[in-house]
Amino acid sequence: MSVGVATMVGMTDSTAEPTVFSRIVAREIPADIVFESDTVIAFRDIAPQAPVHLLVVPKTQAYRDVVELAEGDPALLADLVATASRLAADPVAFGEHSGAEFRLIFNTGASAGQTVFHVHAHVLGGPLQEGTLAH
Ligand code: AMP
């Protein structure tokens with residue numbers, strides 16, 4: 001079967017189905033949005049796994065996971081990390097848990113727990129279980 005590279009990696013194929021996160025960007029489905037810029041959006045995870053659990057997501061769905069993003073647009077990956085850091089320091093986004101420290105997780109691949117193939121960072125804060133990497 002011939003599948004274009006763009007389709008395979010979810011690139012800017014205009015026929016690609018919007019991901020759930022693109023639908024949040026387009027305000028087609030609701031989310032508790034805590035930050036938005038021209039390039040990224042951040043909102044609260046619908047099923048939080050920590051006292052604070054944000055998702056920071058590039059607006060483009062061109063990259064399925066962090067490896068593709070690092071290869072395709074390292075500046076956008078740096079933007080994602082800087083956004084996570086700023087939000088973790090922001091009392092509005094992180095509430096009583098705001099400060100310099102946070103956990104940043106990129107599930108990469110279905111067997112690693114990735115369910116949405118539109119790259120996103122999980123930003124976790126508050127008391128976290130030591131010794132686990134699970135989100
Ligand atoms: P992952 O399993 O790493 O792909 O993460 C996907 C995350 O997206 C999960 O933690 C879900 O709870 C979260 N999620 C899925 N749909 C929504 C939504 N509509 N609003 C907020 N978070 C969502």
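A residue is called buried here if 20 or more other C-beta atoms lie within 10 Å of its own. This cut-off serves throughout the tour, which deals with a predicted model.

**Stop 1: strand β5**

Select residues 121-125, which make up strand β5. Five of the five residues in β5 are buried, and the strand is mostly covered. Colour Ala 121, Val 123 and Gly 125 to see the residues that point one way from β5. His 122 and Leu 124 point the other way. Both sets are buried.

**Stop 2: the whole chain**

Now display the full protein chain in cartoon form. The protein chain contains five helices and five strands. From start to end of the sequence, their order is α-α-β-β-β-α-α-α-β-β. The protein chain has 135 residues, of which 27% count as buried. Among the contacts in the protein chain with a separation of 6 or more, 55% are between residues 24 or more positions apart.

**Stop 3: the partners of β5**

Return to β5 and add strand β3, residues 52-58. The two strands, β3 and β5, are paired in the antiparallel sense, with five bridges. To find one point of this pairing, select Val 52, which stands opposite Gly 125 in β5.

Next add strand β4, residues 103-105. This strand also pairs with β5 in the antiparallel sense, over three bridges. Select Leu 104 here; its bridge partner in β5 is Val 123.

**Stop 4: strands β1 and β2**

Keep β3 in view and select strand β2, residues 40-44. Because four of its five residues are buried, β2 is largely enclosed by the rest of the structure. Five bridges join β2 to β3, and the two strands run antiparallel.

Then select strand β1, residues 33-36. Three bridges connect β1 to β2, and this pair runs antiparallel as well. The two strands form a hairpin, with three residues between them.

Which residue of β2 stands opposite Ile 33? It is Phe 43. Phe 43 also has a bridge partner in β3, namely Leu 55.

**Stop 5: Leu 55**

Centre the view on Leu 55, which has its place in strand β3. Is Leu 55 buried or exposed? Leu 55 has 20 other C-beta atoms within 10 Å, and therefore it is buried. Draw a distance from Leu 55 to Phe 43: C-alpha to C-alpha, they are 5.6 Å apart in space, although twelve residues apart in sequence.

Leaving aside residues up to four places away in sequence, Leu 55 touches Ala 42, Phe 43, Asp 45, His 120, Ala 121 and His 122. Ala 121 and His 122 were already seen in β5.

**Stop 6: helix α4**

Select residues 74-88, helix α4. This helix has 15 residues and spans 21 Å from its first C-alpha to its last, close to the 21 Å expected at 1.5 Å a residue. Highlight its buried residues: Leu 77, Leu 80, Thr 83, Ala 84, Leu 87 and Ala 88. They lie on the same side of α4, because they cover an arc of only 130° around the axis. Turn the helix over to find the exposed residues Pro 74, Ala 75, Ala 78 and Ala 82, on the face turned away from the buried side.

**Stop 7: two loop residues**

Select Ser 98, in the loop between α5 (91-94) and β4. Ser 98 counts as partly exposed because it has 17 C-beta neighbours inside 10 Å. Not counting residues up to four places away in sequence, Ser 98 touches Ala 88, Ala 89, Asp 90 and Pro 91. Of these, Ala 88 is one of the buried residues of α4. Ser 98 and Gly 125 are 27 residues apart in sequence, and their C-alpha atoms are 7.8 Å apart in space.

Move on to Arg 27, in the loop between α2 (20-25) and β1. Its phi is near 60°, a positive value in a residue other than glycine. Arg 27 has 9 other C-beta atoms within 10 Å, so it is exposed.

**Stop 8: the ligand**

Finally, select the ligand and the residues around it. The ligand is surrounded by 13 residues, the closest being Ile 46, Ala 47, Asn 107, Thr 115 and Val 116. Colour this shell by class: eight residues are nonpolar, four are polar and one is charged.

Key: Residues numbered from 1 in each chain as written. Predicted model: local features only at pLDDT ≥ 70, side-chain atom pairs only at ≥ 80, totals over all residues. Near = placed C-beta within 6 Å. Nonpolar A, V, L, I, M, F, W, Y, C, P; charged D, E, K, R; others polar. Expected span 1.5 Å × (residues − 1). Buried ≥ 20, exposed ≤ 12 C-beta atoms within 10 Å, placed from the backbone. Arc of directions from axis to C-beta. Contact = placed C-beta atoms within 7 Å. Pairing = 2+ DSSP bridges.
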